[in-house]
Amino acid sequence: MPASTPKRPRIAVLADSDTRWKWGALTAHRIAPGQSMETAPREGAQVGPALDGFLLRGRATPTPRQLEEVGVRADSLREVTAVEFLRTMAEESYDILVLALVGGGVQAMLHGLGRVWEDRTSRPVVVTGYVGVVYEKLADGLLLRHGADLVLANSRQDADRFRAVYEGVGADASSVTEVALPFLGGADYEGEHDPYTVVFAAQPSVPESRKDRTYLLNRLVQHARKHPEREVLLKLRSKPGEHTTHIEELPYQKLVQRLDPPTNFRLVYGNMGEVLDRTDLLVTVSSTAALESLHRRIPTVVLTDLGIRESLGNHHFVGSGCLASWDQLDTGHRPAPDEEWVARQGVVADGSYASAFDAARERIAKLLDRPGGLPPLTPYYTPVTAPGYLPGILARHHLGPDGTPLPGAPAADREPGPVRQIVRRAARGAYRHGVQRVAPVIRRMGEL
């Protein structure tokens, strides 16, 4: 008799930005029981999971261009409000649900899902985590994610810290599961390209001030002038008018218009992995791209020009061996990464990446086979433990203190009509105009 075809795991991913969609969708492929580490099924390999994507409507909802750049495909993908998503979860059956949201969004969904699933005998395994480096709001973000069946830690260091926070407040820490960043991969660096290529990985909100961003841009342009034989690329996350996980008030595209860069300086977009394919030196302030680069053994620099500060996030790289300034880079300095530090950050350049998600897959498989189904979701925050905090978080997503939709919560039984789509686009455009044009002007006026 022919072997039976294994059932495709059915996974839903709810994301609120382009980077979180990338993390959530790739994580879904990594953690599906019985799947390989490939981000897409290979010929002859097991069939990948059935993936349904949901984009939470808000200021950072990805545009079609951003989704295309991420390059992760789903069987279905649609934009929803929180209430619409909860309604779908009440009506549909999934094996796994990945919440790729900011902490407050995760907490709201945990309470909302607890309400819509309270009369069900079975529910999906709920998974959440972080897109990249966790260098701020550790306790706040972690406790807002508590209640998921798995809270993924991207490194051994993060797993230890996560457990310490949960145990320190008397919360169950068994959900913490060590994995690695799901978007690592690509060929190892094998030597210099022609031309030698320097890439600066920009970040939407680091640094924030016009002075600091202009300084970094000037130094990048100066490096291009000093080394005309090199190609110097400014890798940007989004185009003006688009938003990512963080708000970008001063896009580099606008700042560069005031300069006269040399011909070997260019702005580039696209998938970070493809840009790294031609990179000889990756430079950043604190972008997760540094970890992608280190994974591929590409020479990597975390800048110290603006100081080593928590507000910049580059303090996370203390001990990495990658800290350096533009003055040092201009004279040919190349930092050597500390192998022990790299190994603790989920950067598994030693070849062990293939097994990095084994523990998560095994844990999920056991939960799916649990006799009698899974217990109710039990977040640490409740109306009893956080009566002055939790209601506000839920209200932002139009949920009451018990997780039920508030009267007048935006929800629809059908796709928005043409008029509603036009109004939504206009509102989103007005918001972005306010962030990028009006807010900086008001702030400058306040400094007079």
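# Exercises on sheets, helix packing and burial

Among contacts between residues at least 6 apart in sequence, 72% join residues at least 24 apart in this protein. The exercises below concern a predicted model, in which the protein has 15 helices and 13 strands, and 52% of its 448 residues count as buried.

## Exercise 1. The sheet of seven strands

Determine the strand order and pairing sense of the open sheet of seven strands, and state which strands stand at its edges.

*Solution.* Begin with the order, which reads 3-2-1-4-5-6-7, and note that the pairing is parallel. Next, look for strands with a single partner: strand 3 and strand 7 (176-178) are in this position, so each of them has one side without a neighbour in the sheet. From one strand to the next, the twist averages 25°.

Then take one pair in detail. Strand 1 (residues 10-15) and strand 2 (residues 50-56) are joined in the parallel sense by six bridges, and within this pairing arginine 10 stands opposite alanine 50 of strand 2.

Finally, add the helices that pack on the strands. Helix 4 touches strand 1, strand 4 (96-100) and strand 5 (125-128), and its direction makes about 145° with that of strand 4. Helix 13 (residues 358-368) lies across strand 4, strand 5, strand 6 (150-153) and strand 7, and runs at about 175° to strand 6.

## Exercise 2. The sheet of six strands

Describe the open sheet formed by six strands, and work out how the residues of strand 8 are placed with respect to burial.

*Solution.* The order of this sheet is 10-9-8-11-12-13, again with parallel pairing. Strand 10 (265-268) and strand 13 (323-324) are the edge strands, since each pairs on one side only. Helix 7 (residues 210-226) packs on the sheet, where it touches strand 8, strand 9, strand 10 and strand 12 (300-303), and its direction makes about 160° with that of strand 9.

Turn now to strand 8 (residues 197-201), which pairs with strand 9 (residues 231-235) in the parallel sense over five bridges. Threonine 197 has glutamate 231 as its bridge partner in strand 9, while phenylalanine 200 stands opposite leucine 234.

For the burial of strand 8, recall that in a regular strand the side chains alternate between the two faces of the sheet. In strand 8, Thr197, Val199 and Ala201 point one way, Val198 and Phe200 point the other way, and all are buried. The strand is accordingly described as mostly covered, with five of its five residues buried.

## Exercise 3. Two helix contacts

Classify the packing of helix 5 against helix 4 and against helix 6, and describe the residues that form each contact.

*Solution.* Two packed helices are described by the angle between their axes and the distance between the axes. For helix 4 (residues 103-116) and helix 5 (residues 138-145), the angle is about 20° and the axes are 7 Å apart. Because angles under 35 degrees count as roughly parallel, helix 4 is roughly parallel to helix 5. Their crossing is left-handed. On the side of helix 4 the contact involves Gly103, Gly104, Val106, Gln107 and Leu110, which meet Leu143, Leu144 and Arg145 of helix 5. By type, the residues of this contact divide into four nonpolar, three polar and one charged.

For helix 5 and helix 6 (residues 156-168), the angle is about 75° and the axes are 10 Å apart. These two helices are therefore roughly perpendicular to each other. Here Leu138, Ala139, Leu142, Leu143 and Arg145 of helix 5 meet Arg161, Phe162, Val165 and Tyr166 of helix 6. This contact divides into seven nonpolar residues, no polar ones and two charged ones.

## Exercise 4. Two residues and their surroundings

For alanine 74 and serine 293, decide whether the residue is buried, partly exposed or exposed, and list its contacts beyond neighbours within four places in sequence.

*Solution.* Alanine 74 lies in the loop between helix 2 (64-70) and strand 3 (76-80). Its relative accessibility is 29%, so alanine 74 counts as partly exposed. Its contacts, neighbours within four places in sequence aside, are with Trp21, Leu51 and Gly53. Leucine 51 is 23 residues from alanine 74 in sequence, and their C-alpha atoms are 5.2 Å apart.

Serine 293 belongs to helix 10 (residues 289-295). With a relative accessibility of 0%, serine 293 counts as buried. Leaving aside neighbours within four places in sequence, serine 293 is in contact with Leu276, Leu282, Ile298, Pro299 and Thr300.

Note on methods. Residues numbered from 1 in each chain as written. Predicted model: local features only at pLDDT ≥ 70, side-chain atom pairs only at ≥ 80, totals over all residues. Heavy atoms only, no water. Axes fitted to C-alpha atoms, helices over the stretch in contact; angles between N-to-C directions. Helix = DSSP H or I, 4+ residues; strand = E, 2+ residues; numbered from the N terminus. Parallel < 35°, antiparallel > 145°, perpendicular 65-115°, else oblique. Left-handed = near helix turned anticlockwise from the far one by under 90°. Contact = heavy atoms within 4.5 Å. Nonpolar A, V, L, I, M, F, W, Y, C, P; charged D, E, K, R; others polar. Buried < 20%, exposed > 50% of the residue type's maximum accessible area, 1.4 Å probe, protein only. Pairing = 2+ DSSP bridges.
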